[in-house]
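Colleague: Got a minute to go through this one with me? I'd like to talk about the side-chain pairings and the cysteines.

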Amino acid sequence: QVQLVEPGGGLVQPGGSLRLSCAVSGSFFRINFMGWYRQAPGKQRTLVAGITSVGSTNYADSVKGRFTISRDSAKNTVYLQMNSLKPEDTAVYYCNAVLGALFWGQGIQVTVSS
């Protein structure tokens, strides 16, 4: 059974930084893609950043230059380094992984507020 575990999240002041992590466990052959999505209250879930198995990345325009996605293939873990956080970054952040099928983490709350 595949599981995605996302510890972390929390409250951070505007301009601050936070790093999210997501570890994939279970039985699988290969992780093709991992990504971070977010969903603010009353809004749709949207892609924040993604990274492929060969390390290609893509970002939402709203986070370019502030967020960095990376992965540790040996640990089956993806990270999202978030810098210069803004109140509009407040949302529930979800990790996902494409392993043939699509799997989601449980989601973690990130709140940017003074």
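**Charged pairs and the disulfide**

Modeller: Sure. Let's start with Asp61, which counts as exposed because its relative accessibility is 64%, over the 50% cut-off. Keep in mind that this is a predicted model.

Colleague: OK, and which side chain does Asp61 meet in a salt bridge?

Modeller: Lys64. The N to O distance for Lys64 and Asp61 is 3.1 Å.

Colleague: How many salt bridges are there?

Modeller: The count is three. Another one pairs Asp89 with Arg66, with their closest N and O atoms 2.8 Å apart.

Colleague: Where do Asp89 and Arg66 lie?

Modeller: Both are in loops. Asp89 lies in the loop between strand 8 and strand 9, while Arg66 is in the loop between strand 6 (57–59) and strand 7 (67–72), so the salt bridge ties together parts 23 residues apart in sequence.

Colleague: Are Asp89 and Arg66 buried or exposed?

Modeller: Buried, both Asp89 and Arg66. For Asp89 the relative accessible area is 0%.

Colleague: And what about Arg38, buried or exposed?

Modeller: Arg38 is buried because its relative accessible area is 12%, and the cut-off for buried is under 20%. The side chain of Arg38 also meets Asp89 in a salt bridge, at 2.9 Å from N to O.

Colleague: How many residues apart are Asp89 and Arg38?

Modeller: They are 51 residues apart, and the pair links distant parts of the chain. Arg38 sits in strand 4 (residues 33–39), and Asp89 is in that loop between strand 8 (77–82) and strand 9 (91–99).

Colleague: What do the shared partners add up to?

Modeller: One network. Arg38, Arg66 and Asp89 are joined by salt bridges that share partners.

Colleague: Switching topic: which cysteines does the disulfide join?

Modeller: Cys22 and Cys95, with 2.1 Å from S to S. The structure holds one disulfide.

Colleague: Where do those two cysteines sit in the chain?

Modeller: Cys22 is in strand 3 (residues 18–25) and Cys95 is in strand 9. That makes it another link between distant parts of the chain, with the two cysteines 73 residues apart.

Colleague: Is that disulfide left-handed or right-handed, and why?

Modeller: Left-handed, because the torsion about the S-S bond of Cys22 and Cys95 is about -75°.

Colleague: Last one: are Cys22 and Cys95 buried or exposed?

Modeller: Cys22 and Cys95 are both buried.

Note on methods. Residues are numbered from 1 along each chain as its sequence is written. This is a predicted model: local features need pLDDT of at least 70, side-chain atom pairs count only at pLDDT 80 or more; totals for chains, interfaces and linings use all residues. Side-chain values use heavy atoms; hydrogens and water are left out. A salt bridge is a side-chain nitrogen of Lys or Arg within 4 Å of a carboxyl oxygen of Asp or Glu. Helices (H or I, at least four residues) and strands (E, at least two) are DSSP runs, numbered from the N terminus. Buried means under 20% relative accessible area, exposed over 50%, partly exposed in between (1.4 Å probe, protein chains only). A disulfide is a pair of cysteine sulfur atoms within 2.5 Å.
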